[in-house]
Amino acid sequence: MTSHILFRGGRALVPGGFAEAVLVSGGVIAAAGPESDLARLAPGAETVDLDGGLLVPGFTDAHIHPVQAGLERAKCDLSEVYGLDDYLARIASYAEAHPDREWVDGGGWDMSAFPGGLPHRSQLDFLDRPAYLIQRDHHAAWVNTRALELAGITRDTPDPADGRIERDPDGTPSGVLHEGAMDLVGLLTPRPTAGDLLDALLDAQQYLFSLGITGWQDAIVGSYAGSDDQLPAYLSAASSGRLRARVVGALWWDRTRGAEQIPGLVERRAMAEGLDRFRATSVKIMQDGIAENFTAAVIEPYCRCGGTGLSYVEPALLDRYVKELDALGFQVHFHAIGERAVREALDALTGTDPDNRHHVAHLQIITPEDVPRFAALGVTANLQPLWATHHAQMDELCIPYLGEERSSWQYPFADLVRHGTRLAGGSDWPVSSADPLQAMHVAVNRTEPGGSVHVSYPTALTPFLPEQSLDLRTVMTAYTAGSAWLNRSPAGVIEEGRPADLAVLDRDPFALEPGEIWTTGVRMTFVDGVPVHG
């Protein structure tokens, strides 16, 4: 393309409103305004016809796992089907197509497809080899009897400190491994090569470009739950120019260790210094698990089953570690689902430097008294809006065990905004869809978007706590300017001098009925004014 590009024929999302056209010169946004004015500035500019669509800043996903997603896309991928029969058909087809592979491994199954959220090893025992299939949210794995035998897991095997082996009534392992117990089998599966990891990253990058995503924060860069360290893949892709997106890696905090790992994190950060497209300036601390398997850290015991979940890092130690990381200029990226974990994260972030741009992701449950603390502490709320709907996991595996009052504290997006909290948006892909527009639909409507695997659920179109919905501009800003700010990316806003990282939407979602936002797609994506999709 020429050095001048004029985007016209629709609208462009700019701070405070919309512009008729946008001019890009040399990969940088030169101006936004009336088409006639911009055409005079660059009379020979190549034009991109928006065809009634909307030009937006390229989206930045603030919490995502692209390398793992790319690996799963190349393995036994269950994410596009739903239900036991469909899972077994896909697994059998994969095994038949790959007779040379020692394991059947992959993932993407949904807890809500099974009674109580739990599949069983016997359902996979038709296979002629061990199986290891990671749950969609990556907090559990489904394995068969052969895999348990290879790992030496019996009724006498104790649960690890940071996980649980699901068991039959007689104590025999049932075939589901939660949290840290996943490693008991996961580390036995075939290791991807350096080439496999790089290919997975590049495959994921192209897929994300197709969704208008031009930057992200990888939420786990390190070895976790049977996965291998992704840092070498990022360093290779960035140094060779194949990484086109703007990426921050959140270095994994090993919860089995303490402050002695901090010098190693500093060394890992330094390995990325000087790279244009990748920086390793964040540290990811997973403070609890998830509500569906009762590992999310809650204050009052779960209803029906008791227990208060897990705090993976003891709060007093957490405070010390976070202060040390903050003093070294690291951003801290928390996973916190339960209200106790959220409180522990905020407590640890009290007194830290807001300029380090710390953030807490997921935020399923927040007590009303903790909501104002985000803005007061300068902590960003990193939202995954797709989860804020009525679906089987919510209605059958969360609400009955959280209780009425605590259930009403879930995903309080509007309350956070009312208190002045800065928002960022993410997907947690491959846990859930990477499509930002589907997430925006949920944030606005608090219902399942059309096409979702959950849309046939009886209450999927009943708004979930609709008083916590956001307007479209607010949530789109979270996925653009908000997440870009979090990553210290120069992109994320259409204004003069910014990189021309842009996405052309095939329609203008602001002109649609709110219930139709999900129908919006991405026609073209640009990085530095160069098309990378469409």
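1. The largest nonpolar core of this predicted model holds 103 residues, of which Trp216, Phe278, Ile285, Phe334 and Phe374 touch the most other members. Helix H6 (residues 194-210) supplies the largest share of this core, namely seven residues. In soluble globular proteins, nonpolar side chains tend to be buried together.

2. Phe278, one of the core residues named above, merits a closer look. Leaving aside residues up to four places away in sequence, Phe278 touches Leu231, Tyr234, Leu235, Ala238, Leu243, Val247, Val248, Gly249 and Ala272.

3. Several of these partners, including Leu231, Tyr234, Leu235 and Ala238, are also buried residues of helix H7 (residues 231-239). The buried residues of H7 further include Ala233 and Ala237.

4. The surroundings of H7 comprise both helices and strands. Its buried residues pack against the helices H2 (66-73), H6 and H8 (262-271), and against the strands E15 (213-221), E16 (246-252) and E17 (278-286). After H7 comes Gly241, which has a positive phi near 85 degrees.

5. A separate point concerns strand E2 (residues 11-14). This strand runs parallel to strand E7 (residues 54-57), and two bridges join them. Within this pairing, Ala12 of E2 lies opposite Leu55 of E7.

6. E2 also pairs with strand E3 (residues 17-19), here in the antiparallel sense and over three bridges. Val14 has Gly17 in E3 as its bridge partner. Two residues lie between the strands of this hairpin, and Gly16 adopts a positive phi near 85 degrees there.

Note on methods: Residues numbered from 1 in each chain as written. Predicted model: local features only at pLDDT ≥ 70, side-chain atom pairs only at ≥ 80, totals over all residues. Heavy atoms only, no water. Core = buried A, V, L, I, M, F, W, Y, C linked by side-chain atoms within 4.5 Å. Buried < 20%, exposed > 50% of the residue type's maximum accessible area, 1.4 Å probe, protein only. Helix = DSSP H or I, 4+ residues; strand = E, 2+ residues; numbered from the N terminus. Contact = heavy atoms within 4.5 Å. Pairing = 2+ DSSP bridges.
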